[in-house]
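Got your viewer open and a selection tool to hand? Let's take a walk through this model, one stop at a time.

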Amino acid sequence: MTAAYDPDNIFAKILRGEIPSFRLYEDDDTYAFMDIMPRADGHCLVIPKTPCRNVLDATPAQLAAVMKTVQIMSHAVMKAFEAGGVTLQQFNEAVGGQEVFHLHVHVLPRHEGVALRPPGKMADMDVLKAQAERIRAALA
Ligand code: AMP
């Protein structure tokens with residue numbers, strides 16, 4: 001059984017505007033922003049605006065809304081970073097590699113011969129800001 005949703009998780013705080021994020025895109029149901037420990041240039045995250053921990057407790061409507069935005073963001077990062085492809089990552093529960101318990105999909109632009117960086121290294125905020133501007137321009 002899946003644990004209860006914690007409304008004080010960090011992405012819920014981002015949605016409520018209690019902590020900052022580099023906003024890229026939003027619609028009625030989803031929000032996309034930069035990952036602050038990017039494993040590739042342009043690494044961003046897509047989350048539903050309504051609460052759910054992960055795929056295990058999400059509704060089909062939440063999953064559909066998130067994947068619609070994942071596709072939009074995949075096209076945007078491909079264009080912004082002239083990428084050759086995109087890797088999507090999505091983790092469920094701690095055993096599945098999840099660290100933040102609000103459903104999210106990682107969108108990672110990829111380039112030939114460039115490996116993903118190891119997780120856990122904080123980005124330079126000026127670099128992240130500039131990358132966010134590139135992605136927003138690609139969405140425009
Ligand atoms: P995971 O739950 O394993 O998919 O990992 C959570 C992801 O959220 C990691 O890639 C972190 O770098 C990212 N992350 C954690 N806190 C923040 C934050 N405040 N803003 C943006 N990304 C974050």
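Which side chain does Gln131 join in a polar contact? Select Gln131 and look towards Asp41: the side chains of these two residues are joined by a polar contact of 3.4 Å. Please keep in mind as you go that this is a predicted model.

**Stop 1: around helix 3**

Stay with Gln131 for a moment and show the ribbon. Gln131 belongs to helix 3, which covers residues 125-139. Now switch on a surface: is Gln131 buried or exposed? With a relative accessible area of 8%, Gln131 is buried, because anything under 20% counts that way.

In the ribbon of helix 3, select Lys129 and Glu133 next. Their side chains meet in a salt bridge, with 3.5 Å from N to O. The two residues are 4 apart in helix 3, so about one helical turn separates Glu133 from Lys129. Both partners are partly exposed: Glu133 has a relative accessible area of 39%, and Lys129 comes to 43%. Then move your selection to Asp8, Arg16 and Glu18, which salt bridges with shared partners join into one network.

**Stop 2: Glu26 and its two partners**

The salt bridges in this model come to 7, and Glu26 is a good place to meet two of them. Select Glu26 in strand 1, residues 23-26. Add Arg23, and you will find a salt bridge whose closest N and O atoms are 2.8 Å apart. Then add Lys49: here Glu26 has another salt bridge, with the closest N and O atoms 2.7 Å apart.

What does the pair of Lys49 and Glu26 tie together? Lys49 sits in the loop between strand 3 (44-48) and helix 2 (60-80), while Glu26 is in strand 1, so the pair links parts that are 23 residues apart in sequence. Colour the trio by accessibility and you get a consistent picture. Glu26 is partly exposed at 33%, Arg23 is partly exposed at 36%, and Lys49 is partly exposed at 30%.

**Stop 3: along the loop and into helix 2**

From Lys49, follow the loop between strand 3 and helix 2 until you reach Cys52. Cys52 is buried, with a relative accessible area of 1%. For a distance to try, pick the C-alpha atoms of Cys52 and Ala4: they are 8.7 Å apart in space, with these positions 48 residues apart in sequence.

Next, select Gln62, which lies in helix 2. Gln62 counts as buried, at 10% relative accessibility. Show side chains and backbone together here. A polar atom of the Gln62 side chain is 3.2 Å from the backbone oxygen of Pro51.

**Stop 4: the ligand**

Now centre the view on the ligand and select its surroundings. Which of the 16 residues around the ligand come nearest? They are Asp35, Gly97, Glu99, His104 and His106. Display three of these side chains as sticks and check their polar atoms one by one:

- Asp35: a side-chain N or O atom is 2.5 Å from an oxygen atom of the ligand.
- His104: a polar side-chain atom lies 2.5 Å from a ligand oxygen.
- His106: the distance between a side-chain N or O atom and an oxygen of the ligand is 2.6 Å.

How much of the ligand does the protein cover? On its own the ligand has 500 Å² of accessible area, and the protein covers 89% of that. Turn on pocket display, if your viewer offers it, and you will see that the ligand sits in the largest pocket.

Two elements give two or more residues to the shell around the ligand: helix 1 (10-15) and strand 2 (30-34). Helix 1 gives the most, with 3 residues.

**Stop 5: a last look at helix 1**

Finish by selecting Ile14, whose place is in helix 1. Ile14 is buried, with a relative accessible area of 11%. Draw one more C-alpha to C-alpha distance, this time from Ile14 to Asn54. These two residues are 40 apart in sequence and 17 Å apart in space.

Methods:
Residues are numbered from 1 along each chain as its sequence is written. This is a predicted model: local features need pLDDT of at least 70, side-chain atom pairs count only at pLDDT 80 or more; totals for chains, interfaces and linings use all residues. Side-chain values use heavy atoms; hydrogens and water are left out. A salt bridge is a side-chain nitrogen of Lys or Arg within 4 Å of a carboxyl oxygen of Asp or Glu. Buried means under 20% relative accessible area, exposed over 50%, partly exposed in between (1.4 Å probe, protein chains only). A residue is near a molecule or strand if one of its heavy atoms lies within 4 Å of it. A polar contact is a pair of N or O atoms within 3.5 Å; within protein, one must be able to donate a hydrogen and the other to accept it, and residues adjacent in sequence count only if both atoms are side-chain atoms. Accessible areas come from the Shrake-Rupley method with a 1.4 Å probe; for residues, only the protein chains shown count as cover. On a 1 Å grid over the protein atoms alone, a cavity is a set of points where a 1.4 Å probe fits but cannot get out, and a pocket is an open set with protein on both sides within 12 Å along at least five of seven lines; lining residues have an atom within 4 Å of a point. A molecule sits in a cavity or pocket if more than half of its atoms lie within 2 Å of its grid points.
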